[in-house]
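Visitor: Could you teach me how to read a few features of a protein model, beginning with the general idea each time?

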Amino acid sequence: MQKFLLLCSSVLTLNAANMGSLLFHGNCTTCHFEQQEKSAPAMIEVQKRYKKAFPDKKEFVRYMSAWVLHPNAESSIMQDAIEKHGLMPELSFEKETLSEICDYIYDTNFTKKHAGHKTK
């Protein structure tokens, strides 16, 4: 029974990580390239700025997911990005989905190969 529970726990953990990757790469990379700034700031820069402002993972995920749910120029920690690219549009995601994406963003090393990473 213990082996079964351990296996189920491992599968759920793996699926949660893969879901965050799938959601991120299926949605966010349309505008946010991982390491290059194009039509929006590079995700590596977004991650760096948010981690500096919110080093605690729970606070990072809470703030970022709330902000993406309802983007607001006044509460943005990336004023320079808004000046350059404009305010991020409001997207039709549920808060739980955004939390999964933000959790993935917090944990991912965008300088190394990772789940969903596309190489040239």
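**Pocket, helix and contacts**

Guide: Helix α5 gives the largest share of the lining of the largest pocket, 4 residues. Helices here are DSSP runs of H or I with at least four residues, numbered from the N terminus. The model is predicted, so local features need pLDDT of at least 70 and side-chain atom pairs pLDDT 80 or more, while totals for chains, interfaces and linings use all residues. Residues are numbered from 1 along each chain, and side-chain values use heavy atoms, without hydrogens or water.

Visitor: Which residues of helix α2 are buried?

Guide: An α-helix has 3.6 residues a turn, so residues three or four places apart point the same way. In α2, residues 43–53, the buried ones (under 20% relative accessible area with a 1.4 Å probe, protein chains only; exposed is over 50%, partly exposed in between) are Met 43, Val 46, Gln 47 and Tyr 50. Seen down the axis, they fall within an arc of 95°, taken from the directions to the C-beta atoms, so they line one face of α2. Turned away from that buried side are the exposed residues Lys 48 and Lys 52.

Visitor: What does the side chain of His 85 reach?

Guide: A polar contact is a pair of N or O atoms within 3.5 Å, one able to donate a hydrogen and the other to accept it; residues adjacent in sequence count only if both atoms are side-chain atoms. His 85, in helix α4 (residues 79–85), reaches the backbone oxygen of Ser 39 at 3.3 Å, and its side chain is joined to that of Glu 37 by a polar contact of 2.7 Å. Its relative accessibility is 25%, so His 85 counts as partly exposed.

Definitions and conventions
Helices (H or I, at least four residues) and strands (E, at least two) are DSSP runs, numbered from the N terminus.
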